[in-house]
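The following exercises are to be worked with the sequence and the coordinates at hand. Each task is followed by a solution in steps.

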Amino acid sequence: MAEKLRHIGVAERRARLALRQRLAVAARAASPEEVAGSLVALHGTDPATVYLAVGARLADAGKTVAEVDRALYEDRALVRMHGMRHTVFVFPTELAAVVHASTGLAIAAKARAGLIKDMTTGSDGRLTEEWLAEVEASALAALARRGQATVNELTRDEPRLKEQFTYGAGKSYESPHTVSSSLMRVLGVEGQVVRGRPLGSWTSSQFRWAVAPPHPELPPAEAQPELLRRWLAACGPATEGDLKWWTGWKVTDVRRALAAIGAVAVSLDDGVTGYVAAGDDGPVAGPSSPWAALLPGLDPTAMGWQERDWYLAPGLRSALFDRSGNVGPTVWWDGRVVGGWAQRASGEVVWRLLQPEGVGREALDAISTEAARLQAWLAPTRVTPRFRTPLERELSSG
């Protein structure tokens, strides 16, 4: 007779989330490094998300910008690079080799092959693979000399980066592409370059480039289990579907990694099977008091699982997500999403409840406190999410 799996219900999943995602007040971190280490990855597609996600979890939110800048650009303890699902994240630098080998190698090979094909075809054979290799080596040498540089600065050192080719010739989407932007994108996916300091403030999406810090080349069969082990320690339990979605891997890779780390199967609600890291299947007590949080669009907690009903009621999604599935700013109370927030042009942080059940005076006071805390450290910066959602648009224009 098969051994009965231990059941982990919604209450315990929310308790784990509160502590391991650094959201309960008592679990807040002292540094951005602690936040990133606890979450494994911070979404970096919207640059502001990194700072807002860290600020929501720091004990001293007033130090958010200075401390994140220090970790990213001075100590280089964090690195912004391509990772899962061909998406830009901020990781602990110590994880760069694991992330690259586990998620980037296959994508990088396709990206380079695609560039060579598009470039050769779109230039009638004028721009060849050999030509690209020569230009690439020259550009990387120039970048190493400069330390950090914009694409425009690199084109002054290597003018051939300005060459253009026609992408999708004869198609409805035909357009001119410049070698510089296409090549830097491929080098980023390959882990040869990373994004450095932004050209403007911390909300800017225009970055300088830098040569990636050196790291060992790991075999994917070694890197994938390590990434999965870390993620389960932060986010378990998770279903096979959650793991496949978050990593972007094939289901066979997910199953192989689960077996390699000795992941433990547990039962979730509705008879669903989930997995936790080895030794993590014991009961977890929640924080001593309920908690509130205002998390940004694309926050790693709100986007952490594919199956979200245990913390996000399906009826809230139309207001809080855009059409591509990107989550906007969310208001949390004790382990579940209860509303959304936005910042107005005046700098005021405003919020609205969408699921008022179980949200009493204690919750309203705690949410108001978090809104004031966020508004205080944001001032005088104005943040507009890169991916606008219905509720965020409505609240910000009020």
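**Exercise 1: A loop residue and its contacts**

Glu 190 is found in the loop between α8 and β7, where helices (H or I, at least four residues) and strands (E, at least two) are DSSP runs numbered from the N terminus. The model is a predicted one, in which local features need pLDDT of at least 70 and side-chain atom pairs count only at pLDDT 80 or more, while totals for chains, interfaces and linings use all residues. Residues are numbered from 1 along each chain as its sequence is written, and side-chain values use heavy atoms, with hydrogens and water left out.

Task: Determine whether Glu 190 counts as buried or exposed, and list what Glu 190 touches beyond residues up to four places away in sequence.

Solution.
1. The scale sets buried at under 20% relative accessible area, exposed at over 50% and partly exposed in between (1.4 Å probe, protein chains only).
2. Glu 190 counts as buried because its relative accessibility is 15%.
3. With contact taken as heavy atoms within 4.5 Å, and residues up to four places away in sequence not counted, Glu 190 touches His 100, Ala 108 and Arg 112.

**Exercise 2: The faces of α6**

Task: Establish whether the end-to-end distance of helix α6 agrees with its expected span, and describe how its buried residues are placed around the axis.

Solution.
1. Helix α6 comprises the 18 residues 129-146. The expected span of a helix is 1.5 Å times one less than its number of residues.
2. For α6 the expected span is 26 Å, and the end C-alpha atoms are 26 Å apart, so the two agree.
3. The buried residues of α6 are Trp 131, Leu 132, Val 135, Glu 136, Ala 139, Leu 140, Ala 142 and Leu 143.
4. Viewed down the axis, these buried residues fall within an arc of 160 degrees and therefore line one face of α6; the arc is that of the directions from the helix axis to the C-beta atoms.
5. Exposed residues Glu 130, Ala 144 and Arg 145 are carried on the face of α6 turned away from the buried side.
6. The cover over the buried residues of α6 includes α5, β4 (148-149), α7, α8, β7 (193-198) and β8.
7. Just after α6, Gly 147 takes a positive phi of about 90 degrees.

**Exercise 3: Two pockets**

Task: Give the volumes of the largest pocket and the second largest pocket, and identify which element supplies the largest share of each lining.

Solution.
1. On a 1 Å grid over the protein atoms alone, a pocket is an open set of points where a 1.4 Å probe fits, with protein on both sides within 12 Å along at least five of seven lines; lining residues have an atom within 4 Å of a point. Grid points are joined across faces, edges and corners, and a volume is the space filled by probe spheres set on the points.
2. The largest pocket holds about 670 Å³ of space. Its lining has 21 residues, of which Val 88, Arg 195, Ser 205, Trp 209 and Arg 386 are the closest to the centre.
3. Two or more lining residues come from each of α7 (151-157), α8 (179-189) and β8 (207-211); the largest share, three residues, is that of α8.
4. The second largest pocket has a volume of about 330 Å³. Among its 17 lining residues, the closest to the centre are Thr 103, Ala 106, Ile 107, Gly 248 and Trp 249.
5. Here α5 (96-122) and α9 (220-235) each supply at least two residues, and α5 gives the largest share, eight residues.
6. Thr 103, in helix α5, is buried at a relative accessible area of 8%. Apart from neighbours within four places in sequence, Thr 103 is in contact with Gly 83, Met 84, Leu 227, Thr 247 and Trp 249.

**Exercise 4: Backbone exceptions**

Task: Locate Val 40 and Pro 237, and state the backbone feature at each.

Solution.
1. Most residues other than glycine have a negative phi, and most peptide bonds are trans.
2. Val 40 lies in the loop between α2 (32-39) and β1 (42-43), and its phi is positive, near 75 degrees. Val 40 counts as buried, at 2% relative accessibility.
3. Pro 237 is placed in the loop between α9 and α10 (240-247); a cis peptide bond with omega of about 5 degrees joins Gly 236 and Pro 237.
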